[in-house]
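Colleague: Please put the model on the screen, and I will ask about it piece by piece.

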Amino acid sequence: MASGLRSLFRKEQVSQELDEELSGFLEMAAEEKMKQGMSRKDALRAVRLEEGTVEVAKEVVRSAGWEFFLETYWQDLRFAARMLRKNPGFTAVAVLTLAVGIGANTAIFSVVYAVLLRPLPYQNPGQLVTMFESNLQKGIKEAGCSYVDFTAWQEQNRTFSFIAGEAFHALTFTGRGEPSELATVVVTPQMFSILQTQALLGRTFSPEDGVRGAAPVVILSETLWLSRFGSDPKIIGSAITLDQRSFTIIGIMPAGFRVPFFTKQDIWIPLAQDPLFSGWIAQPPSPHWLPVIGRLKQGVSLAQAQADMDSVSSNLAKEFPAEDTGWTIRLTPLQQELVGDVRSALLVLLGAVGLVLLIGCANIANLLLARATSRAREMALRQALGAERGRIVRQLLTESAVLGLLGAIAGILLAFWCVHAITPFLPSGLAQFGAVRLDGWVLGFALALSLVSSLGFGLAPALLSGDAHLEANLREGAARSGEGGRRSRARNFLAASELALALVVVVAAGLLLRSFIILTSVNPGFNVEHILKARISLPRFQYSTPQQWTAFASELLDRIQAQPGLKDSANAAPLPLADGSINLPFSIADSPPLPPGTPNTADYVAVSPNYFRVMGIPLLHGRTFNSDDSPSGRRVALINETLAQFYFPNQNPLGKRLVFGFPPNTNVSREIVGVVGDVRDISLHQAPGPMMYVPFAQEPFWGADVVVKSALPPSSVVSSIRQAAWSIDKNLPLTDIASMPDVLESSVAQPRFRTWLIGLFGVLAALLAAAGIFGVISYSVSCRTQEIGIRVALGASSQTIRSMVLREGLKIAGAGLGAGSIAALGLVRFLKSQLFGVGAADPLTFFGAAALLVIVALAACYIPARRATRVDPMVALRHE
Amino acid sequence: MADKPGDLVQGTLDMLILKTLALESMHGYGIAVRLEQLSKGVFRLNAGSLFVAFQRLQRAGLIRSEWKATENSRRAKYYALTEQGRKRLNNETREWGRQVAAIARILEAS
């Protein structure tokens with residue numbers, strides 16, 4: 001080892017010593033022969049014949065040591081660097097192509113890694129499962145758990161170490177500057193035992209904190225602690241005011257800690273302290289609203305836990321047939337539940353960007369092949385001088401690896417930039433997986449990618465280099481030598497494959513683009529122009545009764561409407577697309593029960609009388625609400641068209657009665673006074689379901705969205721709303737201010753994001769494929785200069801020459817696009833779940849994508865075709 | 001006649017060199033001549049394979065080298081056994097003897 005290192009670093013000296021030793025050896029051998037009577041000259045000659053020259057012997061000795069491998073590798077590297085420096089154009093194009101490919105792949109992979117692969121930031125995250133209830137008899141696929149069921153699960157399960165429920169509220173924080181809303185996650189105390197994250201300061205909840213009647217306590221996030229309390233460590237034990245009620249701070253959770261599901265989390269309080277909890281939630285029949293998370297006991301499998309919970313739910317159904325019949329429990333690993341449908345979108349993006357890199361590699365392979373042809377003489381010379389084939393392949397692969405490494409470095413820089421650039425555009429739902437960044441795994445991926453790609457584009461040219469016909473290549477002129485059939489076939493094959501791959505990406509991009517266009521042109525059922533929304537939530541300890549809520553809301557609307565230009569204002573809870581939806585069961589009074597299996601739920605909205613006019617939702621029959629529909633008035637409801645058609649086919653629904661209500665008043669009989677148009681309330685891609693509206697005055701909420709339609713500038717509208725609210729109560733924050741067009745936009749943020757990305761990849765793929773076919777055709781034209789010259793000399797018109805070249809390009813394009821269509825047809829099924837209003841095998845998209853690529857390919861071939869027409873026959877014939 | 005060490009039984013060349021050096025330290029040519037003499041011309045090694053073996057043995061710590069003047073007052077590198085090399089030679093000699101005896105028994109048995 002030591003002498004190996006010595007010879008590596010003190011090469012000169014070691015080489016000299018070996019030189020001296022060997023020549024001494026040969027001298028002695030020669031002297032021996034001279035003693036036997038030979039002349040010195042003859043003796044030296046004889047020795048050389050016997051032993052070979054000193055140089056050969058030296059080479060043999062040196063190549064036996066391990067340092068020899070390193071040394072020659074170093075030579076290869078230096079030679080590779082020299083070759084790349086000598087062809088700056090080639091190097092720049094190849095490195096740039098690789099940088100784009102590796103950079104984009106790395107950036108997408110960093111998102112994939114953060115969302116799909118990185119373990120959730122909890123201890124043993126594999127043990128965490130979500131527990132949802134479903135009731136297929138009632139058509140409910142996924143609902144939270146009822147609080148009564150939750151306590152029964154806690155007692156009866158045998159496979160979980162803990163289970164805990166969680167909910168989200170916004171509590172009003174007052175007493176320190178401007179009133180503000182804090183994102184509050186309401187949990188049962190076991191949540192912290194499940195997630196097993198330690199408090200940064202103080203403690204987490206103990207079981208006693210969850211008992212009804214316990215002193216109110218709160219845990220702050222480190223971020224809030226820093227921004228509102230200046231990271232004061234003495235804050236533990238002091239009190240803050242939430243919803244006009246005093247809570248003692250018991251702990252600070254480290255930044256980045258989250259209870260699953262909710263994006264923004266400022267504080268955590270026990271469920272027992274939730275202002276709603278004291279009321280209807282805990283009493284049967286309690287609604288199914290509580291998402292539950294459990295941690296499996298050590299060594300328990302998901303199937304065992306599912307079996308356990310199945311028996312729990314069948315016990316409950318026997319015990320409480322009225323509430324629990326038909327409800328089953330569905331367990332899902334937490335990570336899977338969190339990832340949801342993002343998974344397929346991300347995998348499609350990763351696939352597309354992988355194809356872009358593949359096209360890039362094919363491009364570089366093509367450039368290398370063209371170069372290998374012009375270097376055929378060099379290779380032949382090396383072989384003639386005794387280079388082994390393996391050595392030549394190794395040297396060519398080294399050149400590729402150097403290219404790959406340069407590409408990786410540039411690509412990683414690009415990925416850094418990309419990750420910064422795309423982070424703001426990531427759909428906010430992804431935020432809960434933690435930051436997307438380039439960490440060790442992602443960088444490892446980038447390097448592995450560069451290695452695989454350099455092997456990919458380097459292997460074919462390297463292997464084809466070996467079979468050069470030695471003497472033919474030595475004899476032939478440099479430009480044309482080595483242009484064997486195999487190599488030109490390989491080139492055409494690569495260019496065609498590039499187009500095939502590009503077609504797959506462009507088709508995918510086209511399908512998603514068409515889906516997105518159809519999605520955004522869907523009529524949501526209401527107008528958005530000039531409508532602004534803002535939310536006001538009343539602190540529930542201060543405003544505790546529904547009467548107060550009604551009074552506040554009507555006072556607020558009166559004051560807003562009194563201002564010039566703000567006549568068209570209303571409120572709603574919940575507001576479609578902005579707030580999600582409330583889905584409630586209903587029954588039709590005085591009618592036979594619906595056949596089993598018929599869903600009997602509808603989305604529920606409480607609105608003020610102006611709502612339909614402000615939002616432009618058409619009235620189809622009857623009337624909308626008016627000021628007579630007051631708390632003391634007759635209970636009334638409006639239904640949407642879908643509900644009317646489905647449940648009252650060929651009947652007049654007006655005057656019929658529906659029985660439903662927001663808990664706790666779930667059995668209120670209301671007269672249907674009108675039918676209004678359908679609205680897409682959950683998302684644009686979900687067809688409207690049955691909906692029912694009630695007057696806000698009769699069924700108030702503590703919080704509601706105010707919607708104002710006004711031609712005034714938004715900022716002045718917002719300040720008018722704020723003034724109106726503060727003139728009633730100066731401690732009320734105005735939150736979630738947005739224009740309705742923005743609400744509509746952000747509801748399609750995810751599809752937009754992936755459509756843009758895949759569109760970008762489609763453009764890259766098409767450009768790279770164009771570069772590929774351009775390269776092949778240009779090269780072919782330059783090789784055929786002489787032939788073209790003869791054709792021109794024999795009278796071929798430039799028209800003929802041009803179409804001859806274009807035909808060659810079209811042939812490649814045709815083959816590529818044919819193969820690409822078949823591949824695309826096979827692959828688009830992975831896109832199915834992300835398409836909207838367009839089939840996966842949409843002929844228009846396929847045709848359009850193919851036509852686009854034909855045009856791109858023709859445009860790329862046109863330049864060499866034009867050059868071919870300019871060939872001067874005299875010059876061409878003298879060529880060589 | 002063997003041109004490459006590979007043609008000898010694997011490892012034999014190393015053992016022969018060690019054996020040659022067991023009596024006294026010697027330079028490369030001396031070792032080559034001695035090997036040829038002792039084997040009565042059966043082993044004739046060219047410089048390349050011989051020096052590869054020297055390098056290998058030296059790296060394994062079985063021999064060491066030193067520049068000295070020859071009897072003809074020429075400078076040459078002399079190789080000598082190390083303690084480790086001597087041990088190795090003894091072991092290998094014993095092992096070789098056992099193997100040869102075993103092979104002989106097998107061949108005689110038939």
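The questions below go from the conventions and the confidence to single helices and residues.

Modeller: This is a predicted model, in which local features need pLDDT of at least 70, side-chain atom pairs count only at pLDDT 80 or more, and totals for chains, interfaces and linings use all residues. Residues are numbered from 1 along each chain as its sequence is written, while chains are lettered from A and ligands numbered from 1 in the order in which they are written.

Colleague: What ipTM does the predictor give the complex?

Modeller: Two scores come with the complex. The pTM is 0.76, and the ipTM is 0.80.

Colleague: Which element of chain B has the highest mean pLDDT?

Modeller: pLDDT is the predictor's confidence in each residue, from 0 to 100. Chain B averages 80, and 88% of the residues score at least 70. Over residues 1-7 of chain B it stays under 50. Among the elements of chain B, helix α3 (residues 47-59) has the lowest mean, 82, and the highest, 88, belongs to helix α4 (residues 83-109).

Colleague: In what order do the elements of chain B run from the N terminus on?

Modeller: Helices (H or I, at least four residues) and strands (E, at least two) are DSSP runs, numbered from the N terminus. Chain B has four helices and three strands. From the N terminus on, their order is α-β-α-α-β-β-α.

Colleague: How far apart do the C-alpha centres of domain 1 and domain 4 of chain A lie?

Modeller: The domain bounds come from an automatic or database domain assignment. Chain A is divided into domain 1 (2-65), domain 2 (125-339), domain 3 (342-520 + 749-878) and domain 4 (540-730). Between the C-alpha centres of domain 1 and domain 4 of chain A the distance is 101 Å.

Colleague: Which helix of chain A gives the most to the largest nonpolar core?

Modeller: A nonpolar core is a set of buried Ala, Val, Leu, Ile, Met, Phe, Trp, Tyr and Cys residues joined through C-beta atoms within 7 Å. A residue is buried if 20 or more other C-beta atoms lie within 10 Å of its own, exposed if 12 or fewer, and partly exposed in between, with C-beta atoms placed from the backbone. The largest core has 109 residues, of which A:A765 and A:I773 touch the most other members. With 20 residues, the helix that gives the most to this core is α13 (residues 342-374) of chain A.

Colleague: How many residues does the other core have?

Modeller: This core lies apart from the largest one. A:F526, A:V636, A:L732 and A:M740 are among its members, and its size is 64 residues.

Colleague: Why do the buried residues of α19(A) lie on the same side of the helix?

Modeller: Helix α19 (residues 546-561) of chain A has 16 residues, and its end C-alpha atoms are 22 Å apart, in agreement with the expected 22 Å (1.5 Å times one less than the number of residues). Its buried residues are A:W549, A:F552, A:A553, A:L556, A:L557 and A:I560. A:Q547 and A:D558 are exposed on the other side. The buried residues are on the same side because the arc they cover, taken from the directions from the helix axis to the C-beta atoms, is only 125 degrees.

Colleague: Which elements do the buried residues of α23(A) pack against?

Modeller: In helix α23 (residues 740-747) of chain A, the buried residues are A:M740, A:V743 and A:S747. They fall within an arc of 50 degrees seen down the axis, so they line one face of the helix. Contact here means C-beta atoms, placed from the backbone, within 7 Å. The elements packed against are β12 (531-537) and β23 (734-739) of chain A.

Colleague: Is A:D590 buried or exposed?

Modeller: A:D590 is in the loop between β15 (587-588) and β16 (601-607) of chain A. Its phi is positive, about 55 degrees, although it is not a glycine. Most residues other than glycine have a negative phi. With 8 C-beta neighbours inside 10 Å, A:D590 counts as exposed.

Colleague: What is omega for the peptide bond from A:A573 to A:P574?

Modeller: A:P574 is placed in the loop between β13 and β14 (583-585) of chain A. The bond from A:A573 to A:P574 is cis, with omega near -5 degrees.

Methods. Two residues are in contact if their C-beta atoms, placed from the backbone, lie within 7 Å.
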